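User: Please take a close look at a single helix in this model and describe what surrounds it. After that, I would welcome some remarks on a strand residue and on the cysteines.

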Amino acid sequence: MKITHPLLAISSLISAASVSAFVLSPQSNGKTVSSSTKLYISSWGAGGPPSRRKEKPVSPEDNIQTYLKAPEPVAARPNLDGKVLVSGWVNCKERTDQTVFDFLNHEESAFRFEKIVAFVDDSKFAKKRLISRSARYTGLLDKLDFVQADTEGALPTLAQLEGIKSWVVNAGSDLQIVKDVAELVKQSSVENVSVLVTDAQSLTDASSAMDAAKAFDLPEGKAFTIVAVGAITEAPEGGSPYQIREFGTEEGLLPANATYSRDEGLRAVTECLGLTSACNKAMVFSEVTNVNQTEYKLVKGLREGGYTRPQEFDHMLTLGAEAYDKAVEEFGSKAPARTNYDEWLLEKQKELDESSAERKARVKAEYEEKKQKEIEDIAREWAKREYFRKATSGDMPYSEEEYINSVWERALFEGDLKYRMMNGQNTDERKELAEFKKKQEKKKALMLDRAKASLQGILDEEELVKIKTGNDDDEK
């Protein structure tokens, strides 16, 4: 007995199976039989072409990007040129405070200042802090100028404010400084002022804050902005979303543990200096950590949607959380945009809603119109055949159209009779023709009587004229 290795046996079976797949079957009579099954799959997928699909609208609550529009340019104040004064910074040895100057000098901002003046307690110290390599590379050194205060912590005098168009102030938590700034703006050439109030969590009296904001009762052509924040931290800019409340109200009072990023506060006070939407507004900015809060989701969505910082601030100032909440609320009640599919469904529903009586009347009118057209077509063919028959016999003084008009009533009778015969309706040609001729005779007799009466009326009128004419001749 010959023993075959298992691997060789398996290989032989596979080979045999492969060969047999192409061997002609006995039933094929020497002819190759081919059969195949093809599965055609639409390139559109199971959903079919896009025209048959209907996108399900998504709530702004589920996807905030459906609510946000594409970023657009925002309105900037028209007088962001000339000189800008920066006061309340570069007085501390722990930091340089260059960030606020960099924001005002940023090439992609709306600011076009020719000079950025640092109002400081010690100009020599400030120059050492601000003259840096980065200031040289960004062109800040070309614009930077220094003015020293008369006394430490003092505000600039009216003489020192001469020629200044914009002013950025760090007032700390001293509301009296805020009021003094307002008075200086009223009396000087300053047109724009943006005030940063820090440690606003220590302000527990809303009325005092409101009095400070009301001090900025500026004349026409001047505008102010107040940005109040909590205790300053060194957290990076943009680390946390924020909410905006009105400064000087109970809602604007911050809790005792409120904090705010230093760089984020500087960003807010400088960007608001350039925005038209921030004109004459006193605001409290506070960090939001609750991920379910509307402001948290909105600010995150704005940043993910590609909004720049000015566009982000402008959106929060002009629309804010209220507009977003309203859009979410209205989503369930507002009808979505109508598509071609919706139009088709609406038309079908209109057909279904049509009353039975209206539908019957419409169908009957369409049927009668179609029936009358077919009868007239048959009548015209009959009249043409009659004209041809009589014209070939030589007894036809009319044209074809004149003849058709003269026999049109008979033609309509023939057309109606033929139509009913074609549609399987009961007809009695001889009886109906006799009745038609009888009606025609009566009609002719009636018309003849009317013609005679009309003619007699004309003759009587002529006779009356003759008699009257004869009487007139006799009188002459």
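**Helix α9 and two further sites**

Analyst: The model is a predicted one, and the cysteines can be dealt with before the helix. The sulfur of C279 lies 9.9 Å from the closest cysteine sulfur, which belongs to C272, and this is too far for a bond, because a disulfide requires the two sulfur atoms to be within 2.5 Å. The structure accordingly holds zero disulfides. C279 itself counts as partly exposed, with a relative accessibility of 24%.

Helix α9, the part you asked about, covers residues 294-304, and its buried residues are T294, E295, Y296, L298, V299, G301 and L302. An α-helix has 3.6 residues a turn, so residues three or four places apart point the same way. Within the buried set of α9, residues such as L298 and V299 are listed together with G301 and L302, and what covers these buried residues includes strand β8 (242-246) as well as the helices α10 (309-318) and α11 (320-331). Just after α9, the backbone at G306 takes a positive phi of about 90 degrees.

The strand residue is L144, which is placed in β3 (residues 144-148). L144 counts as buried because its relative accessibility is 9%, the cut-off being under 20%. Leaving aside residues up to four places away in sequence, L144 touches F101, K115, I116 and L130. The C-alpha atoms of L144 and N105 are separated by 9.7 Å, although the two residues are 39 residues apart along the chain.

Methods. Residues are numbered from 1 along each chain as its sequence is written. This is a predicted model: local features need pLDDT of at least 70, side-chain atom pairs count only at pLDDT 80 or more; totals for chains, interfaces and linings use all residues. Side-chain values use heavy atoms; hydrogens and water are left out. Helices (H or I, at least four residues) and strands (E, at least two) are DSSP runs, numbered from the N terminus. Buried means under 20% relative accessible area, exposed over 50%, partly exposed in between (1.4 Å probe, protein chains only). Contact means heavy atoms within 4.5 Å.
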